[in-house]
Amino acid sequence: MSWLILFAAGLFEIGWAVGLKYTEGFTRLWPTLATIVSMTVSLALLGLALRTLPLGTAYAVWTGIGTIGTVVLGILLFGESSDAIRLACICLIVAGIVGLKLVTP
């Protein structure tokens, strides 16, 4: 169950990272509020996951999920680069997350 909670925390991390772009420097009310809510939920879920998962593993997975999702949405929503080297680096992050999951009791 902790892994599912951690995954959800990572999804909310994606939400607040992308939300920051839409706040336009915290000048837009609704995107700012949504970003703050997403930050709060993300950290709360991470805290719950840390009750049973090792800190280093949970934090690395949480940031990895956030990184992957933010890069993918940056490509899809904002036209950021999707060159082969960038995508290969994302695959390395995925491999690291899978590896951490496999070696964590």
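**Close-up 1. Cys89 and Cys91 in this predicted model do not form a bond with each other.** The cysteine sulfur closest to that of Cys89 belongs to Cys91, and at 9.2 Å it is too far for a bond. Seen from the other side, the sulfur of Cys91 has that of Cys89 as its closest cysteine sulfur, again at 9.2 Å and too far for a bond. For a disulfide, the pair of cysteine sulfur atoms has to be within 2.5 Å, and a search of the whole structure finds zero of them. Cys89 is partly exposed at 41% relative accessibility, while Cys91, with a relative accessible area of 53%, is exposed. (Under 20% relative accessible area is buried, over 50% is exposed, and partly exposed lies in between, using a 1.4 Å probe and protein chains only.)

**Close-up 2. Helix α1 crosses helix α3.** Here residues 2–23 (α1) and residues 55–78 (α3) have axes that come within 8 Å and cross at roughly 40 degrees. That makes α1 oblique to α3. The crossing of α1 past α3 is right-handed. A few conventions help here: helices are DSSP runs of H or I with at least four residues, numbered from the N terminus. Axes are lines fitted to C-alpha atoms over the stretch in contact, with angles from 0 to 180 degrees between N-to-C directions. Angles under 35 degrees are roughly parallel, over 145 roughly antiparallel, 65 to 115 roughly perpendicular, and the rest oblique. Right-handed means that the near helix is turned clockwise from the far one by less than a right angle, left-handed anticlockwise.

**Close-up 3. Side by side, α1 and α3 share a contact.** Among the α1 residues taking part are Trp3, Leu6, Phe7, Ile14 and Tyr22, and α3 contributes residues including Thr57, Val61, Trp62, Leu73 and Phe78. By class, this contact has 16 nonpolar, six polar and two charged residues. Contact means heavy atoms within 4.5 Å.

**Close-up 4. Thr57 of helix α3 is buried.** Its relative accessible area is 12%. Leaving aside residues up to four places away in sequence, Thr57 touches Trp3, Leu100 and Thr104.

**Close-up 5. Glu24 and Phe26 sit in the loop between α1 and α2.** Glu24 has a phi near 50 degrees, a positive value in a residue other than glycine. For Phe26, also a residue other than glycine, phi is positive too, near 60 degrees. Helix α2 covers 29–49.

**Notes.** Residues are numbered from 1 along each chain as its sequence is written, and side-chain values use heavy atoms, without hydrogens and water. In this predicted model, local features need pLDDT of at least 70 and side-chain atom pairs count only at pLDDT 80 or more, whereas totals for chains, interfaces and linings use all residues.

Definitions and conventions
Helix = DSSP H or I, 4+ residues; strand = E, 2+ residues; numbered from the N terminus. Nonpolar A, V, L, I, M, F, W, Y, C, P; charged D, E, K, R; others polar.
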